[in-house]
Structure formats: C-alpha cells, structure tokens
Amino acid sequence: MINKPLVMRYERNPILTKHDIPYPVETVHNAGATKFNGEYILMFRSHLRNGRSIIGIARSNDGYGFHADPKPFMEPSDETEFAVHEEYGVEDPRICTIGDEHFITYSAYSRFGVRIGLAKTRDFENVERVSLISQADMRNIVIFPDTFNGRYARLDRPHSEINPWCIWLSWSPDLVHWGNSVPVIQPVTYHWDEMKIGPGATPIKTAKGWLNIYHGVFPTMDGSVYRLGVALHDLEDPAKVLGVADDWILSPEDPWELTGYVHNVVFSCGAIAEDDGTVKIYWGGADTVMCVGVATINDLVDLCLKKPRPPL
Ligand code: BMA
C-alpha cells in the first residue's frame, strides 16, 4: 500500500478518557508506560478543574483495555524539598525500568519554573521521591534503561532563548547527579519539527541502536502542531546519533487529536516493545485522552537510517 501508516492506530481509540477515572479529573493524557508482573501500566497526567495536574495509574492485561486505580498515584508533594517545586502540579511522567525498580521522571511546576523530579516505585502502589534532578527550566527527561561503562544516560530538553529548544544528552554516576551535557538533536528550519523538539518515550533497545520516539512542534497561524518522530542512537554511546528520520511518524488526525484541551496534539511519554518485533506507542490526544497504535520496530529503525536528516 502506497500510503500505509507506520503507526497503525488502534480502531477503538481513545483507550482512556476522563470518564474512565474514578476520581474527578478533566483530562487523561501523556502517559508513561511499562510492563510490571505481566500487566501493562500506564502512568498518566490529568488536569484538575483548577488547571493543575496530578498523575494516575491504569492497568491492562492486553495493552488496550485499561482500568484506572481508585486513587491518584502522585499529587504535589508535601515533603518540604519537593513541595515548593510541585506547587503548580506534576506532569508528563516517564518510566524507566532498571532491575526491579521503576524510575519515574516527571515535570514539577512551581512559581520557580519547571524542574524534573525523580521518583521510584517497586510495586506501582507506593512511590518514593528521590531527588529533583534539574534546575529550572527543563522538561521531558527520559532515562536510558541501561548503563554505559558504569554511567547512566538521559535525554533532556533545556529551554533556551538563543536557539530552538533541542534534545541534549547528559550523564550520571548515580541517577541523581547529572552533567557532561551535549546537544544531540536540533530542530530543522521549515521542517515539521522546526519550533522545538523534546524526548518522548523511554528509549527502546534494538539490534541497530536505541530508538528514540520524540515530539516535534511546528508553528502555524492556528497555533502549534505536535507530532512524533524517531531517531536512532548508538548502542554503546547514545550521545552519537546514527540517524534522525526526516519524516514524522504520527500527526494529529483523529477527532480527539484535532480538538480538545489543546488542539492538534499527539504527545508520547511511553512505548512498550513486544517480543514479536512490534511496539505499542501510547500518546495523549489533544491533551485530553489516551490513544495507542502499533508499529514495527524495524520500520522505524529503517526510517531513521534510510531517510535521515542532519541531527544538529
Ligand atoms: C507541552 C507540554 C505537554 C503538552 C504539550 C501540548 O509543552 O505541556 O504536556 O502535551 O505542550 O500542549
């Protein structure tokens, strides 16, 4: 088929809406994803009616039909160190599973800007905050679920007024202290991601490299359009980018992606690789609902390598 989409949308999207949540929320979107004890976990962001966000959990046996837990999983902290930076809410969690610990990176909003918090859980019932791992202003941190010569690596997205917001990579000996940061992927002028880009799902290890599903934004007369793209990072040195696909892989199309809390948005914080070579990509539609689609990992890797554009 000439125009076969790379990401096949699930025919029963959206898979999770505010009507599925047993506590009062206005949206369900931007969920981190992982598997735990054979179950699929979505850790999603929800707006409350005051416009601030909290984080909830939904579980599934098949990756499509999800049931939300009775209570929120993370609300702004009351522990002094975190409370001051979570005053305006917690947003956009990503999950990085290392051994039997699941690390959560989330945006912490306050009058001092947006920082990234690191929390962890072993059971998706109890959560422990570890540290704030960035200064303001930083969003969209995803940690690689592996070490590289004993060091952890993450993709991050600092805000800058000088150049378009781009994806950096930083290193850490302990997941708490980060440095040696280098820019790795920049937006391209008059390209679908020209305004800004940021890491999306936790990177997926493939035979040819780490697959990075990221978001890119294009400014229009009708506001910004959020789409998803892919890049491939070297297995041994993820700061080395092997290819950034020139084409996007997903663009807002369905009614619940085109209109909602923020229109024209598909935004991913999580994807789950399956043993059959496919990946379930989860994304928020219009900052309002959760959707899922399936892609073949090799197709996404090929797109990075066969039709690349310069990373920087
Ligand atoms: C980004 C973040 C995301 C959101 C997106 C579209 O800056 O706030 O959480 O999905 O904008 O509104």
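**Exercise 1. Order and edges of a four-strand sheet**

Task: In this predicted model, state the order of the open sheet that contains β1, β21, β20 and β19, and find its edge strands.

Solution.
- Start with the order. The open sheet of four strands reads β1-β21-β20-β19.
- Next, the sense. The pairing is antiparallel.
- Now the edges. β1 (8-9) and β19 (266-273) each pair on one side only, which makes them the edge strands.
- Look closer at one pairing. β19 and strand β20 (residues 278-285) are antiparallel and share six bridges.
- Pick a position in it. V266 stands opposite G285 in β20.

**Exercise 2. A second open sheet**

Task: Work out which strands of the sheet β10-β11-β12-β13 lack a neighbour on one side, and why.

Solution.
- Write the order. Four strands form an open sheet, β10-β11-β12-β13, and the pairing is antiparallel.
- Take the ends. β10 and β13 (179-185) stand at the edges with a single partner strand each, so one side of each has no neighbour in the sheet.
- Add the twist. From one strand to the next, it averages 30 degrees.
- Check one pairing. β10 and β11 run antiparallel and are joined by four bridges.
- Name a facing pair. V142 stands opposite L155 in β11.
- Place a residue of β12. L169 belongs to this strand.
- Assess its exposure. The relative accessibility of L169 is 0%, so it counts as buried.
- Compare sequence and space. L169 and P145 are 24 residues apart in sequence, and their C-alpha atoms are 14 Å apart.

**Exercise 3. An aromatic pair**

Task: Classify the ring pair F148 and W171, then say what it ties together.

Solution.
- Recall the two descriptors. An aromatic pair is described by the distance between ring centres and the angle between planes.
- Count first. With centres required to lie within 6.5 Å, the model has ten aromatic pairs.
- Classify. The ring centres of F148 and W171 are 6.0 Å apart and the planes are at 80 degrees, so this pair is edge-to-face. The cut-off for that class is over 60 degrees.
- Locate the partners. F148 lies in the loop between β10 (138-143) and β11 (152-158), and W171 is in strand β12 (residues 167-172), so the pair ties together parts 23 residues apart in sequence.
- Test burial of the loop residue. F148 has 5% relative accessibility, so it counts as buried.
- Test burial of the strand residue. W171 has 9% relative accessibility, so it is buried too.
- Widen the view. Ring pairs link F144, F148, W171 and W210 into a cluster.

**Exercise 4. Charges over rings**

Task: Find which ring lies under the charged end of R151, and which ring has R227 over its face.

Solution.
- Begin with R151. Its charged end sits over the ring of W171, 4.2 Å from the centre.
- Go on to R227. This residue lies over the face of W248, at 4.0 Å from the ring centre.

**Exercise 5. Around the ligand**

Task: List the residues around the ligand, then give the distances from its oxygen atoms to side-chain atoms of N30, D92 and D287.

Solution.
- List the surroundings. They are N30, R45, D92, R139, K196, Y226, V262, V265, F267 and D287.
- Take N30. An N or O atom in its side chain is 2.9 Å from an oxygen atom of the ligand.
- Take D92. One of its polar side-chain atoms lies 2.6 Å from a ligand oxygen atom.
- Take D287. A side-chain N or O atom of D287 is 2.6 Å from an oxygen atom of the ligand.

How values were computed: Residues numbered from 1 in each chain as written. Predicted model: local features only at pLDDT ≥ 70, side-chain atom pairs only at ≥ 80, totals over all residues. Heavy atoms only, no water. Phe/Tyr/Trp six-rings, centres within 6.5 Å; stacked < 30°, edge-to-face > 60°. Helix = DSSP H or I, 4+ residues; strand = E, 2+ residues; numbered from the N terminus. Buried < 20%, exposed > 50% of the residue type's maximum accessible area, 1.4 Å probe, protein only. Lys NZ or Arg CZ within 6 Å of the ring centre and 35° of its normal. Pairing = 2+ DSSP bridges. Axes fitted to C-alpha atoms, helices over the stretch in contact; angles between N-to-C directions. Near = heavy atom within 4 Å. Polar contact = N/O pair within 3.5 Å; in protein donor to acceptor, adjacent residues only side chain to side chain.
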